[in-house]
Amino acid sequence: MWTWFHKLGSPPHFYRIATRLTPWFGWAALLLIVAGVYGGLYVAPTDYQQLDGFRIIYVHVPSASLSLFIYVNMALAAAAGLIWRIKLAHAIAAACAPIGASFTFLALATGSIWAKPMWGTWWVWDARLTSELVLLFLYFGFMALRAAIDDENRADRASALLAIIGVINVPIIKYSVDWWNTLHQPATISKLGKPSMDSDMLIWLLIMLAGFMCYFVAVVLTRAKAEVLQRARDQKWVRQALEGK
Amino acid sequence: MDIPGLGTAFILQVRRDLQLAFRHVGQLANPLMFFIMVTTLFPLALNPMPRLLEAIAPGVLWVAALLASLLAAEGLFRQDVDDGTMEQLALSPQPLALMLLAKTVAHWLITGLPLVIMSPVVGYALFLPRDAVPTTMIALALATPILNLVGGSMAALTVGLRRGGGLLSLLILPIVMPVLIFGARATDMAMTGVDPAGALYLLAALLLLAVSLTPFAMAAAMRISLD
C-alpha cells in the first residue's frame with residue numbers, strides 16, 4: 001500500500017511527475033484567475049455599503065487564505081521530512097516558504113489598501129492584522145534559519161522543527177476575528193452552511209481562490225523541482241533528465 | 001552503576017547551573033542591568049512628565065522584560081555546547097528534555113526572578129500606580145518562565161551557528177508576542193481598576209502549555225544542533 005508513497009519520495013520520480021503536472025496547474029491558474037478577475041470586477045454586483053470598494057476582496061481573501069494554507073502545508077511537509085526522513089519533503093517545505101511569505105505580504109498590502117477608504121487608516125493594531133504580520137515574521141524566520149545553516153541536512157531539520165512550532169500561530173490567526181471583537185470583519189466564506197455573501201459575488205471569489213490554489217501548486221512544483229535538481233546536482237539522473245531528452 | 005532518579009538528576013542539574021552562575025557574578029547581573037537601563041532610557045528620551053510615563057509604563061516594563069530575556073537566551077546553552085557538557089547530557093540515561101528543563105529553571109532563577117523582584121522599583125520610577133504593582137509582579141512571574149522556555153527552544157536551534165546574530169530575536173519574537181500582549185493587558189487592566197484575572201489566567205494557561213511542550217522541542221532542537 002505504501003509503495004506509491006515511497007515511490008513519490010524518490011527525487012527522479014517526483015521530478016518526472018512534477019514536470020508533467022506543472023503546465024496543467026499553470027494553465028488552470030491562468031484561466032481561473034482571468035475569469036475571476038473579469039467576473040469580480042465587471043460581473044459581480046456592487047456592494048450596497050462599500051460600493052465598488054469591496055472588489056479588492058477578490059485578491060485579498062484568496063491571498064490571506066493561501067498565506068495560512070501554505071504555512072500548514074509547509075509545516076506538514078516539514079513534519080513528514082522530520083519524521084520519515086524524506087529529503088523531498090524538506091525540499092517542498094523549503095519551496096513553500098517564499099511563496100507563502102509573498103501571499104502574506106500581498107494579503108497585508110491589499111488589506112491596507114482596502115482599509116484606507118473603509119476604516120480611514122492604513123493600519124490598525126487589530127488582532128487579525130497583527131497575527132498576520134506575525135505569520136510574515138514566521139516565514140522570514142524560517143527562511144533566515146535555513147539561510148544561516150550551511151549544512152543542508154541540519155538546515156532541513158532545524159527549520160522543520162521551527163515550522164512545526166510556528167503552527168501554534170495558525171489557529172490564532174484563523175479564529176482571531178471570532179475570539180476578539182475586532183475591527184476586521186468576520187470570515188466571509190468559512191461558514192459552510194450559509195455564507196454571509198451574496199452568491200453572485202461569492203462564486204467569483206471561489207473561482208479566484210481556486211485559481212490562486214492552482215497557481216500555488218504550479219509555482220511550488222517548479223520551485224521544488226529546482227530545489228531537487230540542486231540537491232541532486234552530482235547524481236546521474238539529473239544529467240539524464242536535463243540532457244538526454 | 002547506580003543511575004540517579006529523575007528528580008535527583010533534575011535537582012543536581014539546577015544546583016550545578018546555579019553554582020556555575022554564582023561563580024561569575026558579573027555576568028549574572030547583566031540581564032537585570034539591561035532591564036533597568038532600558039526602562040531608564042524612556043524617561044530620558046521622552047518628556048519625563050509623570051502622566052506620560054504613567055501611560056506608557058506597562059508597555060515599557062513589558063518590552064524591557066522581553067528584551068532582557070532575549071539577551072539572556074543567547075547564552076543559555078552556548079557554554080555547555082562549546083565545552084562538551086551538552087553532549088554528555090545528551091548521552092546520559094536521563095531524558096534530555098528533563099535536563100534542559102532543569103537548565104531553563106536555573107536560568108529563570110538567575111535571570112527571570114530578579115526582573116520580577118525589581119519590577120516594583122522600576123514601576124515606581126515610571127510612576128506606575130501602586131495598585132498595579134502586585135498584578136504586574138504576578139504577571140511577570142508567570143510570563144518570564146514562558147519567555148525563557150521559548151527562548152531556550154530557539155537558542156537550542158541556533159546554538160551551533162557561528163552567524164547567529166539577530167536571527168535568535170527573529171525566531172523568538174513572533175512566538176512570544178501573545179505573552180507580551182496578555183502581560184501588558186494585565187498591567188493595564190490593574191491600572192484602570194478592572195479585574196485583571198482573565199489576562200492572568202490566560203498567562204497561566206500559556207505557562208502550563210510552555211512547560212509541558214517546550215522541553216521536548218528544546219531536546220529535539222538540541223539533538224539537531226549537536227550532530
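## Close-up views of chains A and B

**View 1. Helix H2 of chain A bends just ahead of a proline.** H2(A) has a kink of about 30° at A:Leu21, shortly before the proline A:Pro23; the bend at a residue is the angle between axes fitted to the seven residues ending there and the seven starting there. This is a predicted model, so local features need pLDDT of at least 70 and side-chain atom pairs count only at pLDDT 80 or more, while totals for chains, interfaces and linings use all residues. Residues are numbered from 1 along each chain as its sequence is written, and chains are lettered from A and ligands numbered from 1 in the order in which they are written. Helices here are DSSP runs (H or I, at least four residues), strands are runs of E (at least two), and both are numbered from the N terminus. H2(A) covers residues 11-43, 33 residues in total, and reaches 44 Å from its first C-alpha to its last. That is close to the 48 Å expected at 1.5 Å a residue, where the expected span is 1.5 Å times one less than the number of residues.

**View 2. Part of H2(A) is covered by other helices of chain A.** The buried residues of H2(A) are A:Pro11, A:Tyr15, A:Ala18, A:Phe25, A:Ala29, A:Leu32, A:Ile33, A:Gly36 and A:Gly40. Buried means 20 or more other C-beta atoms within 10 Å of a residue's own, exposed means 12 or fewer, and partly exposed is in between, with C-beta atoms placed from the backbone. Their cover includes helices H3 (57-84), H4 (87-119), H8 (199-231) and H9 (236-243) of chain A. Zoom out, and chain A has nine helices and zero strands, with 37% of its 245 residues counting as buried.

**View 3. Two residues of helix H5 in chain A, one buried and one exposed.** A:Ser131 sits in H5 of chain A and counts as buried, because it has 22 C-beta neighbours inside 10 Å. Its C-alpha is 9.2 Å from that of A:Lys174, 43 residues apart along the chain. A:Ala147 is in H5 too (residues 127-148), but this one is exposed, with 12 other C-beta atoms within 10 Å. The C-alpha atoms of A:Ala147 and A:Tyr42 are 44 Å apart, with their positions 105 residues apart along the chain.

**View 4. Helices H7 and H10 of chain B cross.** H7(B) (residues 96-125) and H10(B) (residues 197-226) pack at about 105°, their axes 8 Å apart. The axes are lines fitted to C-alpha atoms over the stretch in contact, and angles run from 0 to 180 degrees between N-to-C directions. The pair is therefore roughly perpendicular (65 to 115 degrees; under 35 is roughly parallel, over 145 roughly antiparallel, and the rest oblique). H7(B) brings B:Leu96, B:Ala97, B:Leu98, B:Leu100 and B:Leu101 to the contact, and H10(B) brings B:Pro215, B:Phe216, B:Met218, B:Ala219 and B:Met222. Contact means C-beta atoms, placed from the backbone, within 7 Å. By class, that's 10 nonpolar, no polar and no charged residues. Nonpolar takes in Ala, Val, Leu, Ile, Met, Phe, Trp, Tyr, Cys and Pro; charged is Asp, Glu, Lys and Arg; the others, Gly among them, are polar.

**View 5. Chain B meets chain A.** Each chain puts 15 residues into the contact. On the chain B side, H8, H9 (167-191) and H10 each supply at least two residues, and H9(B) gives the largest share, seven. That side divides into 13 nonpolar residues, one polar and one charged. H8(B) itself is mostly covered, with 22 of its 27 residues buried.

Key
Contact = placed C-beta atoms within 7 Å.
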